[in-house]
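Colleague: Thanks for sitting down with me. Could you show me the protein, and then let me ask a few questions?

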Amino acid sequence: MKDGIIIKKYNSYYYVQGETSVIECKLRGRFKKNRYSLCVGDKVQYTLLGDETGIIENIFPRQSVLLRPLIANVQQVIITFAAKNPDFNSSLLDRFLVLAEYSELDIIICLTKIDLLNRAEIETLVQEYQKIGYTVIKVSNVSHEGVEKLTSLLNNKISVFAGPSGAGKSTLLNRINPKLNLKTGMVSDKIGRGKHTTRFSELLSLPEHGFVVDTPGFSLTEFNDLDERAISECFPEFNKVEGSCKFNSCLHLHEPQCKIKNAVDHAAISENRYQSYVEIMDEIKKTKRGF
Ligand SMILES: Nc1nc2c(ncn2[C@@H]2O[C@H](COP(=O)(O)OP(=O)(O)OP(=O)(O)O)[C@@H](O)[C@H]2O)c(=O)[nH]1
Ligand SMILES: [Zn+2]
């Protein structure tokens, strides 16, 4: 038996990346009886039936499951934001960070288009997030600065790229693996892509045994199902503040003697980040009230 990873699912066929090629596999009958639903990212063992066809015999336990899109064994998310064009938006970045933290993924922030902003401005952006403890990789798809560094962080892992439209995700992925040949360009040129053709999540192979997920619809900006009590835990710098709030149930909004608001007053937590927290909490409350 050989080891592989499911990179695509179509009807009842699973496309398994083996050591050197992709094998079209069916599932052994006993799995069907158990209604076990395999998904992209699952690690399996298969036997070859022909040169390019096989049968899945074994499924390894999952390390993680990402629900939207449904992918097993995702280890990290690369949150990709442009330094300029579109303008850098820290409140939007914070939203992506909270959703990634909530999903318990490892996080890398990738700041693209650094060729469009001066060094001092870039450092100010980057330091705000490095201070919190995030890894920030600065990349230019024009000068290629930073691309190699990011590529090395993708080796032997399944990574999801997330970020607003136009951040440069497709350009970057094409740079990392030119064989991917993903469509890039202005948003308006891409409209219609995926509209008439149903797209399924697919893992794209990278050099050095890494995979990335190609899901154009993946935006990570839905807060609907989040529990408001868990949001403060998605701000790593909040967790580092010593002491406790007066109330155990403190949501760090309007309550008196709150250690988080106190930390903001003393600049131990940045005003911007706290503001993002308040906005997200507001949004969750509104959804709950049914607005
Ligand atoms: N100056 C500069 N332009 C870039 C860089 N990276 C991408 N671009 C340009 O930015 C535009 C958007 O890039 P894409 O790679 O299509 O962006 P995307 O994140 O894949 O967008 P969606 O597919 O809509 O999510 C294109 O016109 C690219 O040529 C960069 O590092 N520097
Ligand atoms: Zn508090």
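Colleague: How many residues surround ligand 1?

Modeller: Happy to start there, and please keep in mind that this is a predicted model. The residues closest to ligand 1 are N141, S165, G168, S170 and T171. Counting the whole shell around ligand 1, the total is 21 residues.

Colleague: Which element gives the largest share of the shell around ligand 1?

Modeller: Two elements give two or more residues to that shell, namely helix 5 (169–176) and helix 6 (187–190). The largest share is 3 residues, and these come from helix 5.

Colleague: How many residues of the shell around ligand 1 are polar?

Modeller: The shell divides into three classes. The nonpolar class has 6 residues and the charged class has 4. That leaves the polar class, with 11.

Colleague: Let's turn to the annotation. Which residues does UniProt list for "binding site"?

Modeller: The UniProt entry is unreviewed, and its annotation may be inferred rather than shown by experiment. Under "binding site", the record lists C245, C250, H252 and C258.

Colleague: Is H252 buried or exposed?

Modeller: H252 sits in the loop between helix 8 and helix 9. Leaving aside residues up to four places away in sequence, H252 touches S232, C245, C258, I260 and K261. A residue needs 20 or more other C-beta atoms within 10 Å to count as buried. H252 has 23 of them, so H252 is buried.

Colleague: And how does C250 count, by its C-beta neighbours inside 10 Å?

Modeller: C250 is also in a loop, the one between helix 8 (236–239) and helix 9 (259–265). Not counting residues up to four places away in sequence, C250 touches C245, E255 and C258. Inside 10 Å there are 18 C-beta neighbours, which is why C250 counts as partly exposed.

Colleague: In what order do the strands of the closed barrel run?

Modeller: The barrel has 5 strands, with mixed pairing. Its neighbouring strands are turned by 55° against each other on average, direction ignored. The order of the strands is 1-2-3-5-4.

Colleague: Which residue in strand 5 stands opposite T47?

Modeller: Strand 4 (residues 43–48) and strand 5 (residues 53–59) run antiparallel and are joined by 5 bridges. Opposite T47, in strand 5, stands I55.

Colleague: One last question: what percentage of the residues in the protein is buried?

Modeller: The protein has 10 helices and 13 strands. Of the contacts with a separation of 6 or more, 63% are between residues 24 or more positions apart. Among the 291 residues in the protein, the buried share is 29%.

Methods. Residues are numbered from 1 along each chain as its sequence is written. Chains are lettered from A and ligands numbered from 1 in the order in which they are written. This is a predicted model: local features need pLDDT of at least 70, side-chain atom pairs count only at pLDDT 80 or more; totals for chains, interfaces and linings use all residues. A residue is near a molecule or strand if its C-beta atom, placed from the backbone, lies within 6 Å of it. Helices (H or I, at least four residues) and strands (E, at least two) are DSSP runs, numbered from the N terminus. Ala, Val, Leu, Ile, Met, Phe, Trp, Tyr, Cys and Pro count as nonpolar, Asp, Glu, Lys and Arg as charged, and the others, Gly among them, as polar. A residue is buried if 20 or more other C-beta atoms lie within 10 Å of its own, exposed if 12 or fewer, and partly exposed in between; C-beta atoms are placed from the backbone. Two residues are in contact if their C-beta atoms, placed from the backbone, lie within 7 Å. Two strands pair if DSSP finds at least two bridges between them. Axes are lines fitted to C-alpha atoms, for helices over the stretch in contact, and angles run from 0 to 180 degrees between N-to-C directions.
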